[in-house]
Amino acid sequence: FVIVSTISPNDKLRNLAKEIIGKRLFNLVYLSTPINECIKRDPKGYYLRARQGKILNFTGISSIYKAPKASDLEIDTSKVSQRLSLQKLKDFLHLV
């Protein structure tokens with residue numbers, strides 16, 4: 001398996017990725033995390049700097065992010081641990 005982590009802020013870009021990779025091989029896994037949780041987990045202070053205008057076009061702050069209309073798997077990382085998130089992904093991929 002190849003897992004590619006991207007920030008895809010809209011369905012147009014997600015659909016483009018699906019076209020490039022091929023529908024048969026593409027699975028959209030949405031790691032849903034509320035913006036406040038992202039800010040809490042930000043050890044490098046990117047969100048703070050983006051809010052201060054020091055980083056432009058920052059997804060979720062100064063650049064729009066639209067959650068996927070549909071995904072193959074959604075994991076809300078604010079409600080489940082890293083361990084359980086990984087297990088959900090492994091179950092989805094049918095890995096032991």
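**Close-up views of a predicted model**

**View 1. The two ends of helix α1.** Gly-22 follows α1, and its phi is positive, near 110°. The model shown here is predicted. Helix α1 itself covers residues 11-21. At its start, look for Asn-10. A side-chain oxygen of Asn-10 reaches to within 3.1 Å of the backbone nitrogen of Lys-12. So this view takes in the start of α1 and the glycine that comes after the helix.

**View 2. Arg-14 and Asp-11 pair within α1.** Arg-14 is found in helix α1. Its side chain meets that of Asp-11 in a salt bridge, 2.9 Å from N to O. The two side chains are also joined by a polar contact of 2.9 Å. Side chains of opposite charge can pair when their charged atoms come close. Asp-11 and Arg-14 are three residues apart in the helix, which means about one helical turn separates them. An α-helix has 3.6 residues a turn, so residues three or four places apart point the same way.

**View 3. The surroundings of Arg-14.** Is Arg-14 buried or exposed? Arg-14 is buried, because its relative accessible area is 5% and buried means under 20%. Which residues does Arg-14 touch, not counting those up to four places away in sequence? They are Ser-8, Pro-9, Phe-26, Leu-28, Tyr-65, Lys-66, Ala-67 and Pro-68.

**View 4. A nonpolar patch on the surface.** Five residues make up this view: Leu-13, Leu-16, Ile-20, Ile-21 and Leu-25. They form a nonpolar patch on the surface. Together they have about 500 Å² of accessible area. Leu-13 lies in helix α1. Leu-13 is partly exposed, with a relative accessible area of 41%. Its sequence neighbour Arg-14 is buried, at 5%.

**View 5. An aromatic pair, edge-to-face.** How many aromatic pairs does the structure hold? It holds one. Tyr-47 and Phe-58 form this pair, with 4.9 Å from centre to centre. The angle between the planes is 80°, and the pair is edge-to-face. Tyr-47 lies in helix α3 (residues 46-51), while Phe-58 lies in the loop between α3 and β2 (73-76). The pair therefore ties together parts that are 11 residues apart in sequence. Both Tyr-47 and Phe-58 are buried.

**View 6. Salt bridges around helix α2.** The structure has four salt bridges. One of them joins Lys-40 and Glu-37, whose closest N and O atoms are 3.3 Å apart. Both residues lie in helix α2 (residues 35-40). They are three residues apart, about one turn of the helix. How do the partners sit: buried or exposed? Lys-40 is exposed, with a relative accessible area of 66%. Glu-37 is buried, with a relative accessible area of 18%. Salt bridges that share partners join Glu-37, Lys-40 and Arg-41 into one network.

**View 7. Lys-79 meets Asp-76.** The side chains of Lys-79 and Asp-76 meet in a salt bridge. The distance from N to O is 3.8 Å. Lys-79 counts as exposed because its relative accessibility is 69% and exposed means over 50%. Compare Arg-14 in View 3: that salt-bridge partner is buried, at 5%.

Note on methods. Residues are numbered from 1 along each chain as its sequence is written. This is a predicted model: local features need pLDDT of at least 70, side-chain atom pairs count only at pLDDT 80 or more; totals for chains, interfaces and linings use all residues. Side-chain values use heavy atoms; hydrogens and water are left out. Patches are made of residues with over 30% relative accessible area and no salt bridge: like charges are joined within 9 Å, nonpolar side chains (Val, Leu, Ile, Met, Phe, Trp, Tyr) within 5 Å. Accessible areas come from the Shrake-Rupley method with a 1.4 Å probe; for residues, only the protein chains shown count as cover. Helices (H or I, at least four residues) and strands (E, at least two) are DSSP runs, numbered from the N terminus. Buried means under 20% relative accessible area, exposed over 50%, partly exposed in between (1.4 Å probe, protein chains only). A polar contact is a pair of N or O atoms within 3.5 Å; within protein, one must be able to donate a hydrogen and the other to accept it, and residues adjacent in sequence count only if both atoms are side-chain atoms. Contact means heavy atoms within 4.5 Å. Rings of Phe, Tyr and Trp (its six-membered ring) pair if their centres lie within 6.5 Å; planes under 30 degrees apart count as stacked, over 60 as edge-to-face and the rest as tilted.
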